[in-house]
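Colleague: I am new to this structure. Please take one strand and its surroundings and describe them closely.

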Amino acid sequence: MTTSTQLRPDLTDKVVVVTGSSRGIGKAIAIACAQRGAAVVLNGRNEERLASAKAAVEEHTSRVHVVCGDVSDPKEGRRLIEEAVATFGRLDLLVNNVGVSMRGAVADLQPEVFQTVFASNVFGTVNPTIPAIPELRKTKGSIIFISSLAGIRGLPSLSAYCSSKMALRALAESIRIEEHAHGIHVGLIQVGITEIEHNKETIAADGSLQVLQNRAKGKVQTTEQVALAVLDNLRKRTFITTLTAIGKLNAFLQPRAPMLVERIILNSLDKFAEKSK
Ligand SMILES: NC(=O)c1ccc[n+]([C@@H]2O[C@H](COP(=O)([O-])OP(=O)(O)OC[C@H]3O[C@@H](n4cnc5c(N)ncnc54)[C@H](OP(=O)(O)O)[C@@H]3O)[C@@H](O)[C@H]2O)c1
């Protein structure tokens, strides 16, 4: 039987907050942390989904606390961190996982789509991060941002999403320098296409919610693979982790040959549209 001490990193006595952990990648990260001994604080807006995620985490630890709230609201971001510290006495890791996606060419977008995406993806990251920093200074802890391959370059039909994930990189870079002397580690995970939980929605060009098609298992990464990459980034206290072969190739080529990357995308627009469904 595997014990938490055999699972690296060992997170015994550590306290982890994962935003947007009621399903998908956030839930997998919360479970992976619990398996390694951490106390876990879950967050999301939907109480039913949170109750189901809590039951899954409780299979690995009794030290789990739920904060139901919308982190795009600064008060809720602060409450999340305050409740975590009040419940477990410290904070060692904040995983900023909350993220919503969108579809649609810029010409067709209601401007509100940008507001909705930035509310969750950017403000929903800044709001818990600001109150977390003084707590993380005490523990020399970590902040990990869940970004995307869409944060490496602007992609068709994903403008608001790409812009929001690029903003996370700037935020992460600023904090790394500002908090260097305080010993806070900042990581950024550029996630590739990953399996999704049934009924995950995206925001359509008109602002309505559209349910995404389920993704074929075996062709995309699992949420557990992403969670392991997060833990590896944490253990090594490294900056950027880029997932999938196509992601690594894109991260290598984009700064060196952006026009080549643009040509490759222009030549595969059909495939691209299919993958975005
Ligand atoms: N899946 C992929 O292929 C993929 C690829 C690259 C990057 N990513 C990134 O990975 C992260 C997780 O993606 P996912 O596919 O696991 O998404 P998901 O299944 O839709 O989960 C998103 C989570 O965030 C919560 N959430 C959303 N907005 C929130 C808000 N304002 N306040 C509090 N909770 C909020 C959702 O719960 P409620 O709706 O109940 O609040 C849910 O728990 C995102 O940052 C995403 O951009 C995913």
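Modeller: What follows is a look at strand β4 and then at the ligand.

This is a predicted model, in which local features need pLDDT of at least 70, side-chain atom pairs count only at pLDDT 80 or more, and totals for chains, interfaces and linings use all residues. Residues are numbered from 1 along each chain as its sequence is written, and side-chain values use heavy atoms, with hydrogens and water left out.

Strand β4 covers residues 93–96; strands (E, at least two residues) and helices (H or I, at least four) are DSSP runs, numbered from the N terminus. In a regular strand the side chains alternate between the two faces of the sheet. In β4, Leu-93 and Val-95 point one way, Leu-94 and Asn-96 the other, and all are buried (under 20% relative accessible area, 1.4 Å probe, protein chains only).

Strand β1 (residues 15–18) runs parallel to β4 and is joined to it by three bridges; strands pair if DSSP finds at least two bridges between them. Val-16 has Leu-93 as its bridge partner in β4. Strand β5 (residues 142–148) is also parallel to β4, with four bridges, and there Ile-143 stands opposite Leu-94.

Turning to the ligand, a backbone N or O atom of Asn-97 lies 2.7 Å from one of the ligand's oxygen atoms. A polar side-chain atom of Ser-22 is 2.6 Å from a ligand oxygen atom. β5 gives the most to the shell around the ligand, with three residues.

Technical notes
Buried means under 20% relative accessible area, exposed over 50%, partly exposed in between (1.4 Å probe, protein chains only). A polar contact is a pair of N or O atoms within 3.5 Å; within protein, one must be able to donate a hydrogen and the other to accept it, and residues adjacent in sequence count only if both atoms are side-chain atoms.
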